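User: I'd like to go through the labels used for this structure and see what stands behind each one. Could you help me with that?

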Amino acid sequence: MLGIDIALLVGGAALLVIAAAAVGGRLGSRLEARRRRLQGAHNAEQEKQHLEELCTVCGTSIDPSNDVWDAGRWWHKACYREAIR
């Protein structure tokens, strides 16, 4: 009787391990897909922001620490001076 009880206990434990691995595998892949989706959204937002940081006049990238933000747009200092004239 003790042998049968131990065999059932070991079999039940094995089934629990297999079930946990199956559920964990599905959950892990779902979390990975969610992480990738969020990372993609973050990358898209960064790219959009980078594209918005172009000089209005010449269309090249700007340096926010040196260039001018006016009228909702970025301007190189030299381009801004030329546009004002």
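Analyst: Happy to! Let's start with a definition: buried means under 20% relative accessible area, exposed over 50%, and partly exposed in between (1.4 Å probe, protein chains only). This is a predicted model, where local features need pLDDT of at least 70 and side-chain atom pairs count only at pLDDT 80 or more, while totals for chains, interfaces and linings use all residues. Residues are numbered from 1 along each chain as its sequence is written, and side-chain values use heavy atoms, with hydrogens and water left out.

User: Why is R36 called exposed?

Analyst: R36 has a relative accessible area of 57%, and the cut-off for exposed is over 50%, so the label fits.

User: And what makes R35 partly exposed?

Analyst: Its value is 46%. E32, at 30%, is also partly exposed, because the label covers what lies between buried and exposed.

User: How do you know that R36 and E32 form a salt bridge?

Analyst: The rule asks for a side-chain nitrogen of Lys or Arg within 4 Å of a carboxyl oxygen of Asp or Glu. R36 and E32 meet at 3.2 Å, N to O, so they qualify. R35 and E32 have their closest N and O atoms 2.8 Å apart, and for E82 and R85 the distance is 3.7 Å. The count comes to three salt bridges.

User: What joins E32, R35 and R36 into one network?

Analyst: Salt bridges that share partners do.
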